[in-house]
Amino acid sequence: MARYLGAVGHTTGKLTPPSKAAGLKALPHWLSGLRAYRSVSFRAMARATGYSHTTLAAMASGFQPVTVRGLLAFLQGCRVGTIAEKIEWLDLLERTSTSPRRRLDAARERARLTALSAGPDRGATGPGNTAAVNQSVHAQWAKPPRSAWPRQRAVQVDRHLLITDLRALHRFYGRPFLPLLARHAGIASKALRGYLDGDMILSSGHMNRLAAALVRIGSTPPALEQLPHVLPPMADWHTRRDRLGSAGR
């Protein structure tokens, strides 16, 4: 309990783990400390989240791997409501999970929340005015933001999730990802970099190619050495289409 109070900080009051927390048991340890700090029972958390109290207890004790959805439910049960606090917990999950899928899911959700928190009115509301920030987010997104799952459906209908997925994969794989994706999709690396940085807008055709590339990658990211086989270089689509059209005539 005392250690967790030190992590929260008396001056900020933020319900977050320490920034240097590491190790396989770090996340369940600090989740258990969060529940103790909040003085809430697992049954009360279950009533608030819809998760069973046994599942929540298993996550806090380390007997069950913590997923992104499970983590967000746990935080909800402990009344951790601000986007900034959730982002720090997702960062801990991404850094300490042994599952590539869970690390990628955490990166995607963290990127989504970061984008939501950076609404157009954030500068006017101020970083400490959580209610105003949330109001700005809801005004920007008429419908409640969908979860990033399942990938195959999401990337075809939601451009926000598409760029969020690409940024998360770029963070996950590092430098080799961008040139491989550019060669596969037939998009100039400079244009693709500008798109990921938010400086350029791609055509609908290019967006469709990127969505198709994400479907090829699938919901579980392959190992880095397998990525060139998953995303092989593509011939120019227009040239190939013209060639097929000429053959038909």
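Asp 105 is buried, at a relative accessible area of 8%. Buried here means under 20% relative accessible area, exposed means over 50%, and partly exposed is in between, with a 1.4 Å probe and protein chains only. Asp 105 sits in helix 7, residues 100-117. Its C-alpha atom is 8.2 Å from that of Glu 94, and the two residues are 11 apart along the chain.

A word on what we are looking at. The model is predicted, with local features needing pLDDT of at least 70 and side-chain atom pairs counting only at pLDDT 80 or more, while totals for chains, interfaces and linings use all residues. Residues are numbered from 1 along each chain as its sequence is written, and side-chain values use heavy atoms, with hydrogens and water left out.

Now the confidence. pLDDT is the predictor's confidence in each residue, on a scale from 0 to 100. The protein averages 75, and 70% of its residues reach 70 or more. By element, helix 4, residues 53-61, has the highest mean at 93, and helix 8, residues 122-125, has the lowest at 38. Over residues 119-157 the pLDDT stays under 50, and the model has 46 contacts there beyond four places in sequence. Contact means heavy atoms within 4.5 Å. Residues 236-249 are also below 50, and that stretch has 2 contacts beyond near neighbours in sequence. Where pLDDT is low, the predicted coordinates should not be read in detail.

Next, the overall make-up. How many helices and strands does the protein have? There are 16 helices and 0 strands. Both are DSSP runs numbered from the N terminus: helices are H or I with at least four residues, and strands are E with at least two. Of the 249 residues, 43% are buried. Taking contacts between residues at least 6 apart in sequence, 61% join residues at least 24 apart. The exposed surface is about 13600 Å², and carbon and sulfur atoms supply 55% of that. Those areas come from the Shrake-Rupley method with a 1.4 Å probe, and for residues only the protein chains shown count as cover.

Back to helix 4. Its buried residues are Thr 55, Leu 56, Ala 58, Met 59 and Ala 60. What do they pack against? The partners are helix 2, helix 3 and helix 5. After helix 4 comes Gly 62, with a positive phi near 85 degrees.

The loop between helix 2 and helix 3 holds two residues I want to set side by side. Val 40 is in that loop, and it counts as buried because its relative accessibility is 9%. Ser 39 is in the loop between helix 2 and helix 3 too, but it counts as exposed because its relative accessibility is 65%. Ser 39 also has a positive phi of about 55 degrees, although it is not a glycine.

Leaving out residues up to four places away in sequence, Val 40 touches Arg 35, Met 45, Gly 77, Cys 78 and Arg 79. The C-alpha atoms of Val 40 and Gly 77 are 8.1 Å apart, with their positions 37 residues apart along the chain. Arg 79 lies in the loop between helix 5, residues 68-77, and helix 6. Arg 79 is not a glycine either, and its phi is positive, near 60 degrees.

Helix 12, residues 177-185, is mostly covered, with 7 of its 9 residues buried. Among them are Phe 177, Leu 178, Leu 180 and Leu 181. Gly 186, just after helix 12, takes a positive phi of about 70 degrees. Ala 185 is another of the buried residues in helix 12, and its C-alpha atom is 10.0 Å from that of Gly 205, 20 residues away along the chain. Gly 205 belongs to helix 14, residues 204-217. Buried or partly exposed? Gly 205 counts as partly exposed because its relative accessibility is 37%.

Last, a pocket. On a 1 Å grid over the protein atoms alone, a pocket is an open set of points with protein on both sides within 12 Å along at least five of seven lines, and lining residues have an atom within 4 Å of a point. The second largest pocket contains about 290 Å³ of space, where volume is the space filled by probe spheres set on the points. Its lining has 15 residues, and Leu 24, Pro 28, Pro 65, Val 66 and Thr 96 lie nearest its centre. Helix 2, helix 4 and helix 6 each give two or more residues to that lining.

Terms used:
On a 1 Å grid over the protein atoms alone, a cavity is a set of points where a 1.4 Å probe fits but cannot get out, and a pocket is an open set with protein on both sides within 12 Å along at least five of seven lines; lining residues have an atom within 4 Å of a point.
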